[in-house]
Amino acid sequence: MAAVKGSGKESLLQNERVRFIFCFSGVFVCYFYYGILQETITRGQYGEGDKKEKFKYATTLVFIQCIINAAFAKLLIQFFEKPRPDHTRSWLYGVCSLSYLGAMVSSNSALQYVNYPTQVLGKSCKPIPVMILGVTILRKKYPLAKYLCVLLIVSGVAIFLYKPNKGVATTEEHLFGFGEMLLLLSLTLDGLTGVAQDHMRGRYQTSPNHMMLNINLWSTVVLGMGVLWTGEVWEFLSFTDRYPSIIYNIMLFGLTSALGQTFIFMTVVYFGPLTCSIITTTRKFFTILGSVLLFGNVITTMQWVGTVLVFLGLGLDAKYGKAPRKTTH
């Protein structure tokens, strides 16, 4: 952000395009690998035979993730950002961290009850609550084309992931329902997080690194008390003692999360939470597409329709989806 101030009369259009490509690429690469690690950790089978165990420590996993995120943001501020005061209210960071935390814990916990594609599908609808809450709470106005683009992208992801021939076992129907409720809760909290972030960037011009640092610091404190109170952290440590190989994946998971979140907060500050949610939705689509290509799965006609809708939505958003309010300095 400091760099932008110094280059007042440079081609804004050119800078914005380069910045957008940089943010998009960063989010895509980091979270592509993040998704693979998340599924490996939370859906993997540990042990053999009758002693097989599942990973069920979502809160502790998010706790570690927040610690690494906060440390990474602090390093970025220390070494790569010019000193500048942060006028954002502490209570705003606190409120935002609660919704941010709830969304992460809910979506990670949902993986204990639903498969990974279902979780991705649920989270792909994130632009909807972001837009609804932005309109109702912040009185934001989006161009009509933006609504069409979001609808096309979300519809494309939904069609791509929909598998009508895959009926899930009846014995876990109640668990599947609980998983869906967790995803709905996560989506709602994502929307509230987007509203809080939008308010911060609009009212206080919060820098991406300060936003990332403070939200994760608050989250670390809240989660730290939570995992100590419930005793989950001790069960988690016992689990890692039995299966030490998981530590490597968790550290990589935290690192990709920190790098990816840096790009996420940059996107939120420079382009807003709706654009950020569209980028992350697109990334989720390509994560699934990549897994299809890597493992040689057949793409059905319906999935090709979904592919076309996603690319159509992206193309229309790039050309017509920009909000008219551009001068907000």
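Let's start at one residue: Val-221 has a relative accessible area of 52%, so Val-221 counts as exposed (exposed means over 50%, buried under 20%, and partly exposed in between, with a 1.4 Å probe and protein chains only). Val-221 sits in helix α9, and its C-alpha atom is 8.9 Å from that of Phe-63, although 158 residues separate the two in sequence. Before going further, please keep in mind that this is a predicted model: local features need pLDDT of at least 70, side-chain atom pairs count only at pLDDT 80 or more, and totals for chains, interfaces and linings use all residues. Residues are numbered from 1 along each chain as its sequence is written, and side-chain values use heavy atoms, with hydrogens and water left out.

Now step back to the chain as a whole. Its secondary structure comes to 13 helices and two strands; helices (H or I, at least four residues) and strands (E, at least two) are DSSP runs, numbered from the N terminus. The chain has 329 residues, and 51% of them count as buried. Of the contacts between residues at least 6 apart in sequence, 87% join residues at least 24 apart, where contact means heavy atoms within 4.5 Å.

Two helices can be checked for their length. Helix α9, with 23 residues, should span 33 Å at 1.5 Å a residue, and its end C-alpha atoms are 32 Å apart, which agrees; the expected span is 1.5 Å times one less than the number of residues. For α4 and its 21 residues, the expected span is 30 Å and the end C-alpha atoms are 30 Å apart, which agrees as well. Helix α4 is largely enclosed by the rest of the structure, because 17 of its 21 residues are buried.

The stretches beside α9 deserve a look too. Just after α9, Gly-231 takes a positive phi of about 80°. In the loop between α8 and α9 you will find Gln-205, which has a positive phi of about 50° although it is not a glycine. Gln-205 counts as partly exposed, at 37% relative accessibility.

Next, the interior. In soluble globular proteins, nonpolar side chains tend to be buried together. Here the largest nonpolar core holds 55 residues, and Ile-41, Phe-55 and Ile-215 touch the most other members; such a core is a set of buried Ala, Val, Leu, Ile, Met, Phe, Trp, Tyr and Cys residues joined through side-chain atoms within 4.5 Å. The elements that give two or more residues to this core are α2, α3 (58-80), α4, α8, α9 (208-230), α10 (232-242), α11 and α12. Helix α11 gives the largest share, 12 residues. Leaving out residues up to four places away in sequence, Ile-41 touches Tyr-46, Phe-55, Leu-61, Ile-246, Asn-249, Ile-250 and Phe-253. A second, separate core has eight residues, among them Met-131, Val-150, Ile-153 and Leu-274.

Ile-153 also appears among the contacts of Val-310, which, beyond four places in sequence, are Leu-152, Ile-153, Gly-156, Val-157 and Phe-285. Val-310 lies in helix α13 (residues 301-320) and is buried, with a relative accessible area of 0%.

What space is left inside? There is one cavity of 30 Å³ or more. On a 1 Å grid over the protein atoms alone, a cavity is a set of points where a 1.4 Å probe fits but cannot get out, and lining residues have an atom within 4 Å of a point. The largest cavity contains about 570 Å³ of space, a volume being the space filled by probe spheres set on the points, which are joined across faces, edges and corners. Its lining has 29 residues, with Tyr-31, Met-104, Lys-123, Lys-126 and Asp-190 nearest the centre. Helices α2 (12-43), α4 (90-110), α5 (116-123), α8 (173-203), α11 (245-271) and α12 (273-294) each give two or more residues to this lining.

Two residues round off the tour. Lys-123, in helix α5, counts as buried at 10% relative accessibility. Outside four places in sequence, Lys-123 touches Ala-103, Ser-107, Ser-186, Leu-187, Asp-190 and Lys-284. Gln-261, in helix α11, is buried with a relative accessible area of 4%. With the same four-place limit, Gln-261 touches Tyr-31, Asn-69, Tyr-100, Met-212 and Asn-216.

How values were computed:
On a 1 Å grid over the protein atoms alone, a cavity is a set of points where a 1.4 Å probe fits but cannot get out, and a pocket is an open set with protein on both sides within 12 Å along at least five of seven lines; lining residues have an atom within 4 Å of a point.
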